[in-house]
Amino acid sequence: MKILIAGASGFLGSHVLKALSRHSHEVLALSRRLPEEECCEFIACDLTEDELPLEEIRECDAIVNLVGIKRVQGNQSFQSVHVDVTGRLIDAARSCGIQRFIHISVVASRPDPRLPYHHTKWLAEEMVRESGLDYTILRPAVIYGPGDDMISHLVKMIRFFPVFPVVGRGNSILQPVDVRDVAAAVVAALEKPIAIGKSYDVVGPERLALKEVVCRVAKAT
């Protein structure tokens with residue numbers, strides 16, 4: 001297949017590009033900057049502002065939406081990135097006759113306006129479910145691996161500070177998932193018709209308290 005990857009230059013995007021390449025899929029990458037992986041066709045596009053290149057998108061068989069932010073930056077809000085971009089990609093899929101749509105959300109998404117990150121992730125999921133497309137929603141837990149945010153920041157803090165602060169007592173539960181497993185889930189969702197119309201939580205095999213994660217990283221470091 002030829003796959004459109006929206007948000008291809010991010011942490012997860014680089015691993016998804018590698019996984020798709022190993023499975024001999026072609027990729028059209030849309031993102032604000034050039035992905036590190038060279039195994040794809042690239043179009044520079046700010047998905048929150050620029051016109052989508054519909055003629056190029058029309059050549060694709062499926063769309064994978066990896067676009068997301070962890071914090072508000074400049075004119076990029078949770079609403080504009082999570083909800084509005086998803087809506088634009090759904091419209092593009094309909095306009096170009098692309099029925100297959102893979103959407104990456106988060107395992108903690110839920111309707112709660114007090115938590116804009118989680119709430120907008122949930123709103124985007126609802127748009128995908130109501131789109132009429134052959135969708136699959138993947139909801140990863142905290143993702144770790146080369147180039148990640150979580151482990152990289154933990155290592156830096158552990159190396160340079162004698163005391164590590166945690167929220168509350170550090171008992172909040174995580175199920176960290178390897179980025180290669182999430183990338184493999186994207187490929188599997190694209191290749192297996194049984195995934196159409198389904199939502200999957202993509203989590204690691206261990207339930208760990210935050211303080212256990214910190215201690216494990218400290219010991220390894």
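Hi everyone, let me start with a helix pair. Helix H5, residues 150–160, packs against helix H7, residues 210–220, at an angle of about 65 degrees, and their axes are 10 Å apart. Before I go on, please keep in mind that this is a predicted model. Angles of 65 to 115 degrees count as roughly perpendicular, and H5 and H7 are therefore roughly perpendicular to each other. The crossing of the two, H5 and H7, is right-handed.

Who makes that contact? From H5 we have Met-150, Ile-151, Leu-154, Val-155 and Ile-158, and from H7 come Val-213, Val-214, Val-217 and Ala-218. As for character, the contact of H5 with H7 has nine nonpolar residues, no polar ones and no charged ones.

Two of those names come back when we look at Leu-174. Leu-174 sits in strand S8, residues 173–174. Is Leu-174 buried or exposed? Its relative accessible area is 18%, and buried means under 20%, so Leu-174 counts as buried. Setting aside neighbours within four places in sequence, Leu-174 touches Met-150 and Val-213, along with Val-142, Glu-206, Arg-207, Leu-208 and Leu-210. For a sense of distance, Tyr-117 is 57 residues from Leu-174 in sequence, and the two C-alpha atoms are 17 Å apart in space.

Tyr-117 brings me to the second helix pair. Helix H3, residues 78–96, and helix H4, residues 116–129, pack at an angle of about 10 degrees, with 8 Å between their axes. That angle makes H3 roughly parallel to H4. On the H3 side the contact involves Phe-78, Gln-79, His-82, Val-83, Thr-86, Gly-87 and Ile-90, while H4 brings Pro-116, Tyr-117, Thr-120, Lys-121, Leu-123, Ala-124, Met-127 and Val-128. The contact of H3 with H4 divides into nine nonpolar, five polar and one charged residue.

Last stop, helix H1. How far apart are the end C-alpha atoms of H1? They are 18 Å apart, which agrees with the 16 Å that the twelve residues, 11–22, should span at 1.5 Å a residue. The buried residues in H1 are Leu-12, Gly-13, Ser-14, His-15, Val-16, Leu-17, Ala-19 and Leu-20. What do these buried residues of H1 pack against? Their partners are four strands and a helix: S1 (2–6), S2 (26–31), S5 (100–104) and S7 (143–144), plus helix H6 (179–191). And do glance at Ser-24, just after H1, which takes a positive phi of about 65 degrees.

That's my tour, thanks for listening!

Methods
Residues are numbered from 1 along each chain as its sequence is written. This is a predicted model: local features need pLDDT of at least 70, side-chain atom pairs count only at pLDDT 80 or more; totals for chains, interfaces and linings use all residues. Side-chain values use heavy atoms; hydrogens and water are left out. The expected span of a helix is 1.5 Å times one less than its number of residues. Buried means under 20% relative accessible area, exposed over 50%, partly exposed in between (1.4 Å probe, protein chains only). Contact means heavy atoms within 4.5 Å. Axes are lines fitted to C-alpha atoms, for helices over the stretch in contact, and angles run from 0 to 180 degrees between N-to-C directions. Angles under 35 degrees count as roughly parallel, over 145 as roughly antiparallel, 65 to 115 as roughly perpendicular and the rest as oblique. A crossing is left-handed if the near helix is turned anticlockwise from the far one by less than a right angle, and right-handed if clockwise. Ala, Val, Leu, Ile, Met, Phe, Trp, Tyr, Cys and Pro count as nonpolar, Asp, Glu, Lys and Arg as charged, and the others, Gly among them, as polar.
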